[in-house]
Amino acid sequence: MSIKPPNVNEAEIAKFEQVASQWWDLTGDFKPLHQINPLRVQFISQHIAHQVNDIESNNGFYNKEIIDVGCGGGILSESLAKMGAKVTGIDMGTEPLNIAKLHALETGVSINYQKITAEEKAVQNPECFDVVTCMEMLEHVPDPESVIQACSTLVKPGGLIFFSTLNKSIKSYLLAIVAAEKLLKIVPDGTHDHKKFIRPSQLITWAEAHGLKCIDASGIHYNPITGSHKLNDSLDVNYILCCYKL
């Protein structure tokens, strides 16, 4: 019986290793992630609040067990931990994790960072988390459906999973690659591969195949020229989904 290799693209890992030192530089290669992070937190907060009937405050995060799959340098992980969640961040990049651990120490935030794949973590800790987040990660692995399946395994029945990625559209190619990488140099050249972008319909199909129900979807609109960002109804470039485990 053959052993399935880890669901890891070593070339993708290497790209993020090279720029890991810039992860918390608000003007560096990860500036767009810092700018859209409040929108991601807003979207997650709204759904957790609705789930616990606590629309007026962030207490829905208190003591929630959250795992951030593909956490990188910890931008989202830290935001969720600061809101009272018990956060585990997993990634396969050594340097991004080192940066994440160091920044958490500097800011006094307690986060459990681990170098492990989503699939391995799912075997170790099935149905252990109230919330799973997987942001801008699916387009960087060989088998995104395998990650979605692992996320479904990790979350408790009734729990929430949030996925964000890039739509496989002409507009996403023009904005995320031609404009952001080639012309404006906002992110490093070669960060994205349009062939690996995922249509919302495909992501939802995969999610439903593994016991999840998509309950909301929103576009994340980022204007690289003005630096403005907002949630909207258009899923044609960056988008975020909220799924519920049946």
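**Surface patch, helix packing and salt bridges in a predicted model**

Ile-215 is classed as partly exposed because its relative accessibility is 45%. The residue belongs to strand β6, which spans residues 212–222. Together with Tyr-244 and Leu-246, Ile-215 forms a nonpolar patch on the surface, and the accessible area of the three residues amounts to about 300 Å². The model described here is predicted, and every value reported below was computed from it.

Overall architecture was considered next. The chain contains 8 helices and 8 strands. Its radius of gyration is 17 Å, which agrees with the value near 18 Å for a compact globule of 246 residues. Along the principal axes, the C-alpha atoms occupy a box of roughly 55 × 45 × 40 Å. Of the 246 residues in the chain, 52% are buried. The accessible surface totals about 11,500 Å², and carbon and sulfur atoms account for 54% of this area. When contacts between residues at least 6 apart in sequence are considered, 70% of them connect residues at least 24 apart.

Two helices illustrate how the elements are packed. Helix α6 covers residues 144–154 and includes Val-147. Because 8 of its 11 residues are buried, α6 is largely enclosed by the rest of the structure. The buried residues of α6 are Pro-144, Ser-146, Val-147, Ile-148, Ala-150, Cys-151, Ser-152 and Leu-154. Val-147 itself has a relative accessible area of 1% and therefore counts as buried. With residues up to four places away in sequence set aside, the contacts of Val-147 are Asn-7, Val-69, Ala-118, Glu-119, Cys-134, Met-137, Leu-138 and Val-141. For one of these partners, Ala-118, the C-alpha atom lies 6.1 Å from that of Val-147, although 29 residues separate the two in sequence.

In helix α8, which comprises residues 200–209, the buried positions are Pro-200, Leu-203, Trp-206 and Ala-207. These residues lie on the same side of α8, because they cover an arc of only 130 degrees around the axis. An α-helix has 3.6 residues a turn, so residues three or four places apart point the same way. Among the elements that cover the buried residues of α8 are α6, β5, β6 and β8. On the face turned away from the buried side, α8 carries Glu-208 and Ala-209, both exposed. After α8 comes Gly-211, which has a positive phi near 80 degrees.

Charged pairs were then examined. Side chains of opposite charge can pair when their charged atoms come close. A search of the whole structure identified 4 salt bridges, and three of these are described here.

One of the bridges connects Glu-127 with Lys-245, with the closest N and O atoms 3.2 Å apart. This pair links distant parts of the chain, for Glu-127 is located in the loop between α5 (118–124) and β4 (129–135), Lys-245 is located in strand β8 (residues 238–245), and the two positions lie 118 residues apart in sequence numbering. Glu-127 is partly exposed, given its relative accessible area of 41%, whereas Lys-245 has a relative accessible area of 9% and is therefore buried.

A further salt bridge brings together the side chains of Lys-156 and Asp-130, at an N to O distance of 3.1 Å. Here too the pair links distant parts of the chain, with Lys-156 in strand β5 (residues 155–166) and Asp-130 in strand β4, 26 residues apart. Lys-156 is partly exposed, with a relative accessible area of 30%. Asp-130 has a relative accessibility of 19% and so counts as buried, the cut-off being under 20%.

The salt bridge between Lys-82 and Glu-78 has its closest N and O atoms 3.9 Å apart. Both residues lie in helix α3 (residues 75–82), where they are 4 residues apart, about one turn of the helix. Lys-82 counts as exposed because its relative accessibility is 57%, while Glu-78 counts as buried because its relative accessibility is 1%.

Notes. Residues are numbered from 1 along each chain as its sequence is written. Side-chain values use heavy atoms; hydrogens and water are left out. Buried means under 20% relative accessible area, exposed over 50%, partly exposed in between (1.4 Å probe, protein chains only). Contact means heavy atoms within 4.5 Å. Patches are made of residues with over 30% relative accessible area and no salt bridge: like charges are joined within 9 Å, nonpolar side chains (Val, Leu, Ile, Met, Phe, Trp, Tyr) within 5 Å. Accessible areas come from the Shrake-Rupley method with a 1.4 Å probe; for residues, only the protein chains shown count as cover. The radius of gyration is taken over C-alpha atoms; the globule rule is 2.2 Å times the number of residues to the power 0.38. The arc is that of the directions from the helix axis to the C-beta atoms.
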